[in-house]
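I opened this model to go through its contacts, sheets and cores in turn. These are my notes, in the order in which I looked things up.

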Amino acid sequence: MGHWICCLCSRVADPLMLLLVLALGCNSSTAAAAASPSVPHVKPSYSFGRTFLGLDKCNACIGTSICKKFFKEEIRFDTWLSSHLKLPPSSLLSYSGNYTDDAKSWRMVDITRLTSKYQHDRADRRVCSALLGTKACSLERALRRTPRFQKWLRAKRLTPDLVQGLSSPMLRCPSQRLLDRIVRRYAEVPDAGSVYMDHLTDRDKLRLLYTLAVNSHPILLQIFPDVEGWPFPRYLGSCGRLLVSASTRPLRDFFGAAPEVAADLALQLLAVLRSMATNDLNYFFYFTHVDAGTFGVFSNGHLFIRDASTLGIIDREEGSQLIDGQQEYKDIFSCLTADCQSAFVPCDSIREEHSLVMVCQDLLPKLLTGKFLPPVQESIDAFLQRCARGLGERGGASEAVEELAEILRPLRSCDSRFAYRYPDCRYSDKY
């Protein structure tokens, strides 16, 4: 018997397979099977839980377009690179990850939840309690029974009355043109290029409605893509309640940056606000809230909007097409993650300088204060104080943006640290 094992061992090159053969050496048929090349090698592997991804809650989720990437390990969390092979805590709102298309080259991505797991869980319990009177339930079955979703099932086109009362700032003042754009560019289904919802299954409609109700960030990334020049990260797909987008560093990481970097980022921030207020599509974007994580910076130094969840949109071409009273409508979809008692802000009360004033109050002082020599710093500080008070009587937002830009332009440099504009800045006044 020992001689047989030794002969067999001499033909087994893989050390791991050799251990398996030795352990089963008392059974010749099993040993022969173990030596067979058709038996896969034993290797460590990562296991995804449906609960971690949120797949157990679909179709009350974002989508499934990128699930295969997760299960094929072509999307990896940073913690996967450790020897522990553990998934990160499910309590986090976002994660850093790595993404590949060829298993050779990897690029950084952000893996994000629509809202915190605590808020998701609380909303799930609210749905079950309010609609079925139970502590736990099938969310899909409960939400399908609602009057709103029944209207969605019958609808051929996404119209303003179907989104009335949803908490997303993007949908407070919806136009038909904006809603048509959502349907045409919804990336979780094959592109039909049509404003009609014939290509959406019942499941697709629920996912779209759920995403719009909880957080419109992934929808904004889809309908205003970076490849068309919009200042958003690229949307790569969703799986369950996680979405994947191009990697960023929040603006807060640059509050202590060198003066020339701070000046460059401030100029980019002003340019983003200008493009959001004036663009070829005649949409006016405004923020309902900004903080140090609202804006982000790519590895090449390019600034963009990292979190679009607080962006409102007013269609200057068509205007809002909700009739009186529809904005105040409330149902379970209005309250999934938002406070149902929050007051509605009339669309016509949003001024052009609205976003600039918030940025002057909350972000630019942290980026620009104490960075420059006294004469320049005094000019910057004086402007920020006036801007934070509402600009006063000395012109509107566009004049104010240009005034600050005039101060900042001479302060930035042209070198390889600013890869997004280098070496173009050597040959063009635009940069």
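**Entry 1: overall.** I began with contact range: of the contacts in the protein chain with a separation of 6 or more, 66% are between residues 24 or more positions apart. The model is a predicted one, so I checked confidence next, using pLDDT, the predictor's confidence in each residue. The protein chain averages a pLDDT of 85, and 83% of the residues score at least 70. Residues 1-46 stay under 50 throughout, and the model has 31 contacts beyond four places in sequence for them. I left that stretch aside. I then listed the secondary structure and got 16 helices and 10 strands. The protein chain has 431 residues, of which 49% count as buried.

**Entry 2: the sheet of five strands.** I traced an open sheet of 5 strands in the order 1-2-3-5-4, with antiparallel pairing. Its edges are strand 1 (75-77) and strand 4 (235-239), each of which pairs on one side only. From one strand to the next the twist averages 30°.

I went through the pairs. Strand 2 (residues 94-100) and strand 3 are antiparallel and share 7 bridges. I noted Asn98 with its bridge partner Met108 in strand 3. These two strands form a hairpin with 5 residues between them, where Ala103 has a positive phi near 65°. Strand 3 (residues 106-113) also runs antiparallel to strand 5 (residues 242-246), and 5 bridges join them. In that pairing I found Val109 opposite Ala246 of strand 5.

Strand 4 and strand 5 are joined by 4 bridges, again antiparallel. Cys239 stands opposite Leu242 in strand 5. The hairpin of strand 4 and strand 5 has 2 residues between the strands, and Gly240 in its turn has a positive phi of about 65°.

Is strand 4, as an edge strand, enclosed or open to its surroundings? I looked at burial: 4 of its 5 residues are buried, so strand 4 is largely enclosed by the rest of the structure.

**Entry 3: the sheet of three strands.** I found an open sheet of 3 strands, ordered 6-8-9 and paired antiparallel. Strand 6 (249-250) and strand 9 (303-305) are its edges, each pairing on one side only. Strand 6 is held to strand 8 (residues 295-297) by 2 bridges, and the two run antiparallel. Pro250 is opposite Gly296 of strand 8. I then looked for what packs on these strands: helix 12 lies across strand 8 and strand 9, at about 40° to strand 9.

**Entry 4: the cores.** Which residues have the most contacts inside the largest nonpolar core? I get Met170, Ile182, Phe224, Phe295 and Leu364, in a core of 93 residues. Helix 12 supplies the largest share of this core, 11 residues. The core takes at least three residues from each of domain 1 (54-80 + 89-248) and domain 2 (249-305 + 341-430). Another core, of 17 residues, lies apart from it and includes Phe70, Phe77, Tyr95 and Leu242.

I followed Leu364 from the larger list. Beyond four places in sequence, Leu364 touches Ala266, Leu269, Leu270, Val359, Thr369, Leu384 and Leu404.

**Entry 5: helix 12 and helix 13.** I picked Leu273, which sits in helix 12 (residues 259-277). Is Leu273 buried or exposed? Its relative accessibility is 9%, and the cut-off for buried is under 20%, so Leu273 counts as buried.

Its contacts beyond four places in sequence are Phe287, Ser355, Leu356 and Val359. I checked the span to Ser355: the two residues are 82 apart along the chain, and their C-alpha atoms are separated by 7.3 Å.

That led me to helix 13 (residues 354-362), where Ser355, Leu356, Val357, Met358, Val359 and Cys360 are buried. What do the buried residues of helix 13 pack against? I list helix 12, strand 7 (283-287), helix 14 (364-368), helix 15 (374-388) and helix 16 (397-408). Val359 appears in two of my contact lists, that of Leu273 and that of Leu364.

Technical notes:
Residues are numbered from 1 along each chain as its sequence is written. This is a predicted model: local features need pLDDT of at least 70, side-chain atom pairs count only at pLDDT 80 or more; totals for chains, interfaces and linings use all residues. Side-chain values use heavy atoms; hydrogens and water are left out. pLDDT is the predictor's confidence in each residue, from 0 to 100. Contact means heavy atoms within 4.5 Å. Buried means under 20% relative accessible area, exposed over 50%, partly exposed in between (1.4 Å probe, protein chains only). Two strands pair if DSSP finds at least two bridges between them. Axes are lines fitted to C-alpha atoms, for helices over the stretch in contact, and angles run from 0 to 180 degrees between N-to-C directions. A nonpolar core is a set of buried Ala, Val, Leu, Ile, Met, Phe, Trp, Tyr and Cys residues joined through side-chain atoms within 4.5 Å. Domain bounds come from an automatic or database domain assignment.
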